[in-house]
Amino acid sequence: MKKNKKISAALAAILLLVSITAGPFSAYAKSAFGSITCAGQGASCSLISDNKNIANAKTTSFYAFDSLSAYVLGCEVDKNGTVVRYKGITARDKTDKNSGDAIINTLSSTNKFENITSVHGVVKGSSEAVLNKPLELHW
């Protein structure tokens with residue numbers, strides 16, 4: 001019986017150690033996902049931010065579209081919470097399946113993005129479609 005208690009205590013200590021060390025590294029990671037259907041084909045959309053200083057919007061498909069696009073916009077603030085700027089960029093691919101990465105970065109590591117939004121769209125022949133609701137991340 002004492003051996004089981006020692007094993008349980010050791011496992012609890014390991015679990016506590018893992019949660020303490022892994023917590024700070026993933027604290028700011030956020031993501032949002034969606035999908036678009038156009039001309040009977042689907043595309044997936046993502047907005048990912050591993051920290052408050054960078055964001056990546058992407059539109060991808062396993063099938064070729066005539067055009068795929070992703071647009072990301074972020075509200076950058078300084079350490080006092082004052083808006084520094086709004087940063088936006090568009091990525092468009094008219095050749096294959098992937099929109100590429102629409103990536104935004106802050107001006108300095110002391111600044112952060114407070115709100116991040118992305119819009120995604122696809123074109124196939126004469127059909128166009130956009131994600132019905134923008135993807136959003138907030139801190």
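The protein's secondary structure comes to one helix and nine strands (DSSP runs, H or I of at least four residues for helices, E of at least two for strands, numbered from the N terminus). This is a predicted model, where local features need pLDDT of at least 70 and side-chain atom pairs count only at pLDDT 80 or more, while totals for chains, interfaces and linings use all residues. Residues are numbered from 1 along each chain as its sequence is written, and side-chain values use heavy atoms, with hydrogens and water left out.

**Exercise 1. The overall layout**

Give the order of the elements from the N terminus on, and describe burial, surface and contacts.

Solution.
- Step 1: The elements run α-β-β-β-β-β-β-β-β-β.
- Step 2: Of the 139 residues, 29% are buried (under 20% relative accessible area; exposed is over 50%, partly exposed in between, with a 1.4 Å probe and protein chains only).
- Step 3: The accessible surface is about 8,700 Å² (Shrake-Rupley method, 1.4 Å probe; for residues, only the protein chains shown count as cover). Carbon and sulfur atoms hold 57% of this surface.
- Step 4: Take the contacts with a separation of 6 or more; 57% of them join residues 24 or more positions apart (contact means heavy atoms within 4.5 Å).

**Exercise 2. The core**

Find which residues touch the most other members of the largest nonpolar core.

Solution.
- Step 1: This core has 22 residues (a set of buried Ala, Val, Leu, Ile, Met, Phe, Trp, Tyr and Cys residues joined through side-chain atoms within 4.5 Å). Leu47, Val72, Ile116 and Val122 touch the most other members.
- Step 2: Two or more residues each come from strands E1 (30-38), E2 (41-51), E3 (54-60), E4, E6 (102-105), E7 (112-124) and E9 (135-138).
- Step 3: Look at Val72. Leaving out residues up to four places away in sequence, its contacts include Leu47, Ala55, Ile89, Ile104 and Ile116.

**Exercise 3. Strand E4, inside and outside**

Compare Leu73 with Val77: buried or partly exposed?

Solution.
- Step 1: Leu73 lies in strand E4. Its relative accessible area is 33%, so Leu73 is partly exposed.
- Step 2: Leu73 joins Tyr71, Val83, Tyr86 and Val119 in a nonpolar surface patch of about 440 Å² (patches take residues with over 30% relative accessible area and no salt bridge; like charges are joined within 9 Å, nonpolar side chains of Val, Leu, Ile, Met, Phe, Trp or Tyr within 5 Å). Strands E4 (67-77) and E5 (83-93) each supply at least two of the patch residues.
- Step 3: Val77 is also found in E4. With 0% relative accessibility, Val77 is buried.
- Step 4: Not counting residues up to four places away in sequence, Val77 touches Thr82, Val83, Val84, Asn111, Lys112 and Glu114.

**Exercise 4. Polar partners**

Locate the salt bridge and trace the side chain of Ser49.

Solution.
- Step 1: The structure holds one salt bridge (a side-chain nitrogen of Lys or Arg within 4 Å of a carboxyl oxygen of Asp or Glu). Arg85 and Glu76 form it, at 2.7 Å from N to O.
- Step 2: Side chains of opposite charge can pair when their charged atoms come close.
- Step 3: Arg85 is partly exposed because its relative accessibility is 23%. Glu76, at 0%, is buried.
- Step 4: Ser49 sits in strand E2. It has 0% relative accessibility, so Ser49 is buried.
- Step 5: The Ser49 side chain reaches the backbone oxygen of Asn51 at 2.3 Å and the backbone oxygen of Ile54 at 2.7 Å.

Methods:
A polar contact is a pair of N or O atoms within 3.5 Å; within protein, one must be able to donate a hydrogen and the other to accept it, and residues adjacent in sequence count only if both atoms are side-chain atoms.
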